[in-house]
Amino acid sequence: MKPYGILFNPNAGNGESERKAKNLQEKLKNNKIDSFFIAGDSPENTIQKLIDRMSEISAIIAIGGDGTLNIVGTAFIRSNRSVPLGIIPGGTINNFAKRWNIPIDTEKAIAVILDNYTNKVSIGKCNDQAIISSFTFGKLADISNDVRQSEKQKYGLIVYPYQALKKIGSKTSYLIRFKTEKEEQDLKTWVTLITTTSYVGGLPYTLDDPNAFHINILNNMTMSKAMAYLTYAFTGHLKGKKTITRLEAESLEIINLDSEIKIQSRIDGDPGPDLPLHLEWKKDLIDLMVPIKKE
C-alpha cells in the first residue's frame, strides 16, 4: 500500500499541529502504515506540493481547520483526482469536521482514521478553488477582516455581532444578481453567506441539508433587522428569519450590478476573488474518513 500523506502547518498553534502530526505518524506506523509529512511555506506552495505528490499516496490526513481542508480540496479540483481524506480537527470553528461527526479529540479522530471507513461528500468550487465550508461577501466579509484570530479565540462568536452593529450605520447594501439553474433575482444585499453544509460558526443553523449550496442573503440591513442577525450570530438559528432570502443551488452566478464598486469574497475564512463569480457544486468529490455508522 502506498503511504499516507500528513498535511499540517508547522507554524500553527505554537507547534501543536506538528505534535499531532508526529503522534499520528507513530500510530500509523504501529498499524503498519507508512507516512510522510507535507508542508509548504504558503497555501499556494502547499497546494502544488500536494498535487505533485498525489500519485505517491493512498490517503491524505489534514490537521487543521477549514482553511487547511481548503488546501486539500483545491488540490483535488486542480489535479482532477483525489484520494481518501482523513481529518484531525485543529481550527477554531471546524464546521466541516463537525458536520461529518469527526471527533474534535485528537485520539478519537486518529481512531476514525485507523478504521478507514469512508463516505462520499460534496464541496463547492469557485474558479479553481475549493469551498469547503463557507463563501461570503458583503459586510460579513468586512467584519471577518476586522476580527483578529486572537479575538476570535478569546471572545468567540460575540465579536461578530459587535462588529456587525458597528457597520450598520454606513452604506451597506450592494445590488447583486443571483442566477441559479432554477431562477434569477436582483437583490439589495447586505451580506451573503453560502455554505456547503448545515453548519456555520460551529453550530447547525438549519435542519435542511440538501446536497447543494445553502445560499443565505441578508437584505438591506437596518437597526430593526439587527436582532435577526444577532440571534443568528449567537445561536446559529438562521432558518425562518424573514430578513433572509434563502436559496439552494448546484450552480450560481453572482454578478455585481454596480461595476464601479469592488466587492471581494471570502472563502473558508480567507480572502477570495472579486465579483463577478461562478460557483459550482462538486458532488461526491471527496472520500471522507468518518466514524463507522452504528446499526
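Q: Which residues in H2 meet which residues in H3?

A: This is a predicted model, and contacts between two helices are read by listing the residues on each side. On the H2 side they are Pro43, Glu44, Thr46, Ile47, Leu50 and Ile51, and these meet Ile71, Val72, Thr74, Ala75, Arg78 and Ser79 in H3. Sorted by class, the contact of H2 with H3 holds seven nonpolar, three polar and two charged residues.

Q: How are H2 and H3 oriented to each other, and what is the handedness of their crossing?

A: One reads the angle between the axes and then the sense of the turn. The axes of helix H2 (residues 43-53) and helix H3 (residues 66-79) come within 9 Å and cross at roughly 55°. Angles of 65 to 115 degrees would count as roughly perpendicular and those under 35 degrees as roughly parallel, and H2 and H3 are therefore oblique to each other. The crossing of H2 and H3 is right-handed.

Q: Is Asn70 buried or exposed, and with which residues is Asn70 in contact, leaving aside its neighbours within four places in sequence?

A: Here the relative accessibility is read together with the list of contacts. Asn70 has its place in helix H3, and because its relative accessibility is 7%, where buried means under 20%, Asn70 counts as buried. Once neighbours within four places in sequence are left aside, Asn70 is in contact with Gln129, Ala130, Ile131, Ile132, Ile267 and Asp268.

Q: Along strand S8, which side chains point to one face and are buried, and which point to the other and are not?

A: The way to read such a strand is to follow its side chains one residue at a time. In S8 (residues 174-180) they alternate, with Tyr174, Ile176, Phe178 and Thr180 pointing to one face and buried, whereas Leu175, Arg177 and Lys179 point to the other face and are not buried.

Q: How many bridges join S8 to strand S9, and over how many bridges do S8 and strand S14 pair?

A: For each pair of strands, one reads the number of bridges, the direction and the partners. S8 runs antiparallel to S9 (residues 184-195) and is joined to it by six bridges, the two strands forming a hairpin with three residues between them; the bridge partner of Leu175 in S9 is Lys188. With S14 (residues 251-256), S8 pairs in the antiparallel sense over five bridges, and in S14 the bridge partner of Arg177 is Ile255.

Q: Why is strand S7 largely enclosed by the rest of the structure?

A: The burial of its residues gives the reason: five of the five residues of S7 (residues 134-138) are buried, so S7 is largely enclosed by the rest of the structure. S7 runs antiparallel to S9, to which five bridges join it, and Ser134 stands opposite Thr195 in S9. Three bridges join S7 to strand S15 (residues 264-267), again in antiparallel fashion, with Thr136 standing opposite Arg266 in S15.

Q: Where do Asn127 and Asp284 lie, and what is the phi of Asn127 and of Asp284?

A: Backbone angles are read residue by residue, alongside the position of each residue. Asn127, although not a glycine, has a positive phi of about 55°; Asn127 lies in the loop between strand S5 (118-126) and strand S6 (129-131) and, at 45% relative accessibility, counts as partly exposed. Asp284, which is not a glycine either, has a positive phi of about 55°; Asp284 is found in strand S17 and, at 32% relative accessibility, counts as partly exposed.

Q: Is the peptide bond from Leu275 to Pro276 cis or trans?

A: The omega angle is the quantity to read: the bond from Leu275 to Pro276 is cis, with omega near 5°. Pro276 lies in the loop between strand S16 (270-274) and strand S17 (277-289).

Conventions
Residues are numbered from 1 along each chain as its sequence is written. This is a predicted model: local features need pLDDT of at least 70, side-chain atom pairs count only at pLDDT 80 or more; totals for chains, interfaces and linings use all residues. Side-chain values use heavy atoms; hydrogens and water are left out. Helices (H or I, at least four residues) and strands (E, at least two) are DSSP runs, numbered from the N terminus. Buried means under 20% relative accessible area, exposed over 50%, partly exposed in between (1.4 Å probe, protein chains only). Axes are lines fitted to C-alpha atoms, for helices over the stretch in contact, and angles run from 0 to 180 degrees between N-to-C directions. Angles under 35 degrees count as roughly parallel, over 145 as roughly antiparallel, 65 to 115 as roughly perpendicular and the rest as oblique. A crossing is left-handed if the near helix is turned anticlockwise from the far one by less than a right angle, and right-handed if clockwise. Contact means heavy atoms within 4.5 Å. Ala, Val, Leu, Ile, Met, Phe, Trp, Tyr, Cys and Pro count as nonpolar, Asp, Glu, Lys and Arg as charged, and the others, Gly among them, as polar. Two strands pair if DSSP finds at least two bridges between them.
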